[in-house]
Amino acid sequence: MVRWIVDGMNVIGSRPDGWWKDRGRAMETLVERLDRWASDQGDTVTVVFERPPSTAITSSVIEIAHAPRAAANSADDEIVRLVQADAKPHEIRVVTSDNALTNRVRSLGASVFSAVSFRDLIDPRGQ
């Protein structure tokens, strides 16, 4: 079984689809797509944002997390913390295209899946 930890803004930013015009809506849309995908796959998914969404986003399928304080690389630090705290980091697949985060989580035993490829999995039509 694979447990996914998703670098939320990294996945959102993997396509120039106008997400920057409404970050909150982009976060909601990502969670909706992750919900559908995780329901179909049966995998455990946690999405991590650098800050809480401005409007509460909920899910009964995936876990939504955020860094304790919004700052540069704060979501990366939270992802590393989650991997470090896990008893079986080799079962975790981190979704990111951030090279520094990739190196950090790989050194802890987790594998990495590119944000672009993951976005294609959960949103193949690019909608």
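These are my notebook entries on the salt bridges in this predicted model.

Entry 1. I began with the total, and the structure holds twelve salt bridges. I kept in mind that side chains of opposite charge can pair when their charged atoms come close.

Entry 2. I looked up glutamate 28, whose side chain meets that of arginine 25 in a salt bridge at 2.8 Å, N to O. Both residues lie in helix α2 (residues 23-41), where they are three residues apart, about one turn of the helix. For exposure, I noted a relative accessible area of 24% for glutamate 28, which is partly exposed, and 35% for arginine 25, which also counts as partly exposed.

Entry 3. Next I turned to arginine 104 and aspartate 77, whose side chains meet in a salt bridge at 2.9 Å, N to O. This pair links distant parts of the chain, 27 residues apart, with arginine 104 in helix α4 (residues 99-106) and aspartate 77 in helix α3 (residues 74-85). I found arginine 104 partly exposed at 32% relative accessible area, and aspartate 77 partly exposed at 38%.

Entry 4. I then asked myself whether aspartate 123 is buried or exposed. At 4% relative accessibility, aspartate 123 counts as buried, because buried means under 20%. Its salt-bridge partner is arginine 119, with the closest N and O atoms 3.6 Å apart, and arginine 119 likewise counts as buried, at 5% relative accessibility.

Entry 5. Finally, I followed these two residues outward and recorded that Arg119 and Asp123 belong to a network of salt bridges that also links Arg15, Asp17, Arg33 and Asp120.

How values were computed
Residues are numbered from 1 along each chain as its sequence is written. This is a predicted model: local features need pLDDT of at least 70, side-chain atom pairs count only at pLDDT 80 or more; totals for chains, interfaces and linings use all residues. Side-chain values use heavy atoms; hydrogens and water are left out. A salt bridge is a side-chain nitrogen of Lys or Arg within 4 Å of a carboxyl oxygen of Asp or Glu. Helices (H or I, at least four residues) and strands (E, at least two) are DSSP runs, numbered from the N terminus. Buried means under 20% relative accessible area, exposed over 50%, partly exposed in between (1.4 Å probe, protein chains only).
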